[in-house]
Amino acid sequence: MLSEETAIEIWEQVREQLKVEAGNTVFENWLSLLNLNSYANGKIVISVQSRFHKDWIEPRYGNRLKTLWLSHNKKIKNVSLVVDESLSNRVYKKNITEESAILSFSSPLDVSYTFEKFVVGPSNNFVAAAAQRISDSDEVSFNPLVIYGGVGLGKTHLMHAIAWRIKSNNPKRKVVYLSAEKFMYQFVRALREQDTMGFKEQFRSADVLMIDDVQFIAGKNSTQEEFFHTFNALVDQSKQIIVSSDRSPADLEGIEERLRSRLGWGIVAEIHQTTYELRLGILQSKVADIKNCEIPKNVLEFLAHKITSNIRELEGALKRLVAHSQLVGRPVSLDSAYDVLHDLIRANNRKVTIEEIQRKVAEHFSIRLSDMSSARRARAVARPRQIAMYLSKQLTSRSLPEIGRTFGGRDHTTVMHAVSRIESLILEDSSVADDLELLKRNLDN
Ligand code: ADP
Ligand code: MG
């Protein structure tokens, strides 16, 4: 299994090799646009911003990309190149100007993530006010600002909004925004190139340092240590620090006590789960940007009512509706919304438990419930058990280790194996696919 660190490190090396082989010009114009998108189950996905780029890169460098990845890790199953159009919305800082190389450490900012496009409601007004306050004053009034909340609730959007606002208020201030993942990877690279001094200087000359998804460095001790020192150095010079996390500092496991306590020094602001009114407000603001497609009010209300998990899903649902309507050439209606989004709506309704899944699966295959946690390995019980693990992963939000524990104290790797086994069986064996379909429907009611 490829860990995050290894994947990032390999990617960094592959990029370096490509740069040497292709030369600087080709690299800068084309290959530097490639992004490591995901690395699950030995499948590497590399993304690029447009079809045009993909069509140029794939025939020329597609195979080479694969070979290079494989040369670093034999377990890699495949390397694919996909188009991720969201990348093209971003502003690239490709040319490192005299503004100093520090900006090359920053991640690109999404042009649509501004305060103007951030809809405020009861769940996020405190955090939005803190963010505005920080952006509009040159003085540091509280340090750091920690923004925390679940996925898809607007943390990254707000971070980018702060960065844009500070830059426009005062173009001289050096704003460095990057994900904790990228922070780590820059650090690893500095270690390899024996240039940690350079690394430190780059960060420490920032006026505003923003680190997104800081939970990522939990448990990664040397990165954490480096972050802690950077943090202190900047705070000592009265520079602003802004951090986001998917949970509160108090709940971050694997973070050293001293760093945790530092994070609590300033303002810790939570983005709460959305309310119906906020969801509707967000939909209305997004709809205003959509051209050539009318969306009736009752459809927006329906979406705001049904898709409650997070804003990213809500946006995704809206995009899907629009895409579908343009594809089939029919206007969006309540009926089409039901049709096109039934899986999403189901996922948002569903609160299935692992126990329920085990019971239904056992019934379906006529085995004993106790076999879900027994050590028996006969096919007749092992396969249903794998199916139940797969469904638990799909239908609940429980982690792999938690699922493993519920199945007789099995290891999380066993669950992972079961999931990938069933995933491939679905493709090979239609009876498995049918069983799953039936079970899912059954679990819905
Ligand atoms: P997070 O970083 O918390 O996972 P993001 O900032 O990536 O979430 O937000 C997910 C999507 O939802 C983005 O497209 C973002 O623009 C949108 N979004 C989140 N909150 C709001 C909001 N209050 N108003 C408008 N759009 C929002
Ligand atoms: Mg984010």
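This report describes the surroundings of ligand 1, the nonpolar cores, the residue T396 and some backbone features in a predicted model.

**Ligand 1**

Around ligand 1 there are 18 residues, of which V119, G152, T156, H157 and R312 come nearest. By class, the residues of this shell divide into seven nonpolar, six polar and five charged, and at least two residues of the shell are supplied by each of the helices α5 (155-169), α10 (276-287) and α12 (311-328). Polar contacts made by oxygen atoms of ligand 1 are set out in the table.

| Partner in the protein | Atom of the partner | Distance to an oxygen atom of ligand 1 |
|---|---|---|
| Y113 | N or O atom in the side chain | 3.3 Å |
| L153 | polar backbone atom | 3.3 Å |
| R312 | N or O atom in the side chain | 2.8 Å |

On its own, ligand 1 has 560 Å² of accessible area, and the protein covers 94% of this.

**Nonpolar cores**

The largest nonpolar core has 56 residues, and I46 and W69 are those with the most contacts inside it. Leaving aside neighbours within four places in sequence, I46 is in contact with W69 itself and with further residues, including W11, L34, L36, L65, V79, L81 and V82. A second core, separate from the largest one, has 26 residues, among them M372, M389, L395 and V419.

**The residue T396**

T396 lies in the loop between α15 (379-395) and α16 (400-406). Its relative accessible area is 12%, and because buried means under 20%, T396 counts as buried. The side chain of T396 makes polar contacts in two directions along the chain: it reaches the backbone oxygen of S392 at 2.6 Å, and one of its polar atoms lies 3.2 Å from the backbone nitrogen of R398. When neighbours within four places in sequence are left aside, T396 is in contact with V352, T353, I354, I357 and L391.

**Backbone features in loops**

Most residues other than glycine have a negative phi, and most peptide bonds are trans. Against that background, the bond that joins N143 and P144 is a cis peptide bond with an omega of about -5°, and P144 is placed in the loop between α4 (125-136) and β6 (145-148).

Positive phi values are found at N292, where phi is near 60°, and at S366, where phi is near 50°. N292 belongs to the loop between α10 and α11 (297-306), and with a relative accessible area of 76% this residue is exposed. S366 belongs to the loop between α14 (354-364) and α15, and S366 also counts as exposed, at 64% relative accessibility.

Note on methods
Residues numbered from 1 in each chain as written. Chains lettered and ligands numbered in written order. Predicted model: local features only at pLDDT ≥ 70, side-chain atom pairs only at ≥ 80, totals over all residues. Heavy atoms only, no water. Helix = DSSP H or I, 4+ residues; strand = E, 2+ residues; numbered from the N terminus. Buried < 20%, exposed > 50% of the residue type's maximum accessible area, 1.4 Å probe, protein only. Polar contact = N/O pair within 3.5 Å; in protein donor to acceptor, adjacent residues only side chain to side chain. Contact = heavy atoms within 4.5 Å. Near = heavy atom within 4 Å. Areas by Shrake-Rupley, 256 points an atom, 1.4 Å probe, with all protein chains shown as cover. Nonpolar A, V, L, I, M, F, W, Y, C, P; charged D, E, K, R; others polar. Core = buried A, V, L, I, M, F, W, Y, C linked by side-chain atoms within 4.5 Å.
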